[in-house]
Amino acid sequence: MTVITNVREQAAAAAPEPGLTPEEIIARAEAIAPTLVARQAETEARTYYAQDTHELFAEAGLYRVLVPKRYGGYEFGVDTFFRVVMTLARGCPSTGWMYCLGAAHALAVATLFGERAQDEIFDGDFICPATIMPSGTAERTEDGDWIINGTWAYCSGSPYATHFVGHTLVAPEEGAEPVPMLFIVPSSQFRRLDDWGGQLGLKGSGSHSITIENARIPDHFTIKSHISQFDVSGGTPGLTLHGNPQYGGGPLSIMILESAVLAVGIAHGALDAYEDLMRARTTSFPPITGRTENPDFQFWYGQAAGMLATAEAAVLHALQQWKDACARGPEAFTPELELRIAGIAREVVRLSWDAVQRYLFPTAGSSSVRVGERVERVWRDLSTMHSHAGVAIYLNGLAPREYAMARFGIEAHH
């Protein structure tokens, strides 16, 4: 890992294509996405996308979208990143998921960590799985470093990761109640386990466990907070360092929006497959016509298309609310705002799932939902998304109540 120590080295870390625009990087993703469709089964069998796909993403600059310019990134907006994610997920759900949850955390790291840590962490391409469940142990050394041990599950993006962000519990003082501590570890100090691929869906999302044995990290690689509870209202290290409002935004709401963006992209892949079936196949019962001419198939397609158009509009507007809050300043990120955005994300996921499970999957035809078929794969992947802790437990359970409590000024008791 290269440590940038002075202005000259910072200049040398400039992005490979300084003139690259957001429109161009989105266009590159749009060109790549169709090539992922035929490789979906291969990706599932491997449990992560291929080395040549990874190299293509790197060459296209996809791992630098959210990395600050100071460290060789493009520092494009989160809207650009989400467009790339939605496009890739439309081509291959597992690939889109793995890319998103690996590359997205450049934003959180650039927001929450101080200058010294960022100087040592960032070096161009950045792929960093992050998990929210505390695990493992952290022991303080005599010189103030930390020794990390443990295993963290569901580390999406781990096969090509440069870093890992995890949580553990530490006691601020002897006898005190343990509190969450966020930490970051470079890939040289962790090992990926071969324990992914047996799930119902998202088999190729590279969501393996990461195990850490006696990793030694400096104190400035830690933050005494859970990422979902970080209060940005007083400003952030990233906003001060980079001067870009997007590095002063709330990490909770933007992480939740990732699930919504993925759901829309994945469901659009099912709609694409359904459209192909409509153009190629006929009805099963007389009068035998092409599906495109049949009123029932027209209705089913139109219903699903309308739901997905609504879901996409909703998630993009929620993102705009997040960006507007960034522009107003860190104090705009109240719990109420972040939880309102979470509520929109929940409904986006529901709309995307309903479009597939109510209209596309049941009417595609039994031959089109055999194992390995595109519609079947999307159904499995979105089903699995609903078991994800962020969706099943937080969005569908905790978030609605917490929003009401924030709205009415009721203090949460944890």
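What share of the contacts in the protein chain between residues at least 6 apart in sequence join residues at least 24 apart? In this predicted model, the share is 74%, and the legends below move from the whole chain to its sheets and then to two individual residues.

**View 1. The protein chain as a whole, with its 14 helices and 7 strands.** The radius of gyration is 22 Å, close to the 22 Å that the globule rule gives for 414 residues, so the protein chain is as compact as a globular protein of that length. Along the principal axes, the C-alpha atoms fill a box of roughly 80 × 50 × 40 Å. Of the 414 residues, 54% count as buried, while the accessible surface comes to about 17,600 Å², of which carbon and sulfur atoms contribute 53%. The protein chain carries 31 positive and 47 negative charges, and the mean positions of these two sets lie 5 Å apart.

**View 2. The open sheet of 4 strands, ordered β1-β2-β6-β5 with antiparallel pairing.** The edge strands are β1 and β5 (191-192), each of which pairs on one side only. Following the order of the sheet, 4 bridges join β1 (residues 137-140) to β2 (residues 146-152), 6 bridges join β2 to β6 (residues 210-217), and 2 bridges join β5 to β6. As a general point for reading such a view, in a regular strand the side chains alternate between the two faces of the sheet.

**View 3. The hairpin of β1 and β2, with 5 residues between the strands.** Within this hairpin, G144 takes a positive phi near 95 degrees. The two strands run antiparallel, and T137 has N149 in β2 as its bridge partner.

**View 4. Strand β6 and the two strands joined to it, β2 and β5.** Both pairings are antiparallel, that of β2 with β6 as well as that of β5 with β6. Towards β2, the residue A215 in β6 stands opposite I148, whereas towards β5 the residue T211 in β6 is the bridge partner of R191.

**View 5. The open sheet of 3 strands, ordered β3-β4-β7 with antiparallel pairing.** Because β3 (163-170) and β7 (222-223) stand at the edges and each has a single partner strand, one side of each is left without a neighbour in the sheet. The strands β3 and β4 (residues 179-186) run antiparallel and are joined by 8 bridges, and V165 has its bridge partner in β4, namely I184.

**View 6. The surroundings of T95 in helix α6 (residues 93-103).** With a relative accessibility of 1%, T95 counts as buried, because the cut-off for a buried residue is under 20%. When residues up to four places away in sequence are not counted, T95 touches L36, T43, Y49 and F57.

**View 7. The surroundings of S225, in the loop between β7 and α9 (237-242).** Here the relative accessibility is 14%, and S225 also falls under the 20% cut-off, so S225 counts as buried although its place is in a loop. If its neighbours within four places in sequence are left aside, S225 is in contact with H167, P180, M181, L182 and F230.

Definitions and conventions. Residues numbered from 1 in each chain as written. Predicted model: local features only at pLDDT ≥ 70, side-chain atom pairs only at ≥ 80, totals over all residues. Heavy atoms only, no water. Pairing = 2+ DSSP bridges. Rg over C-alpha atoms; globule rule 2.2 N^0.38 Å. Buried < 20%, exposed > 50% of the residue type's maximum accessible area, 1.4 Å probe, protein only. Contact = heavy atoms within 4.5 Å. Areas by Shrake-Rupley, 256 points an atom, 1.4 Å probe, with all protein chains shown as cover. Lys, Arg positive; Asp, Glu negative; His and termini not counted. Charge placed at Lys NZ, Arg CZ, Asp CG, Glu CD.
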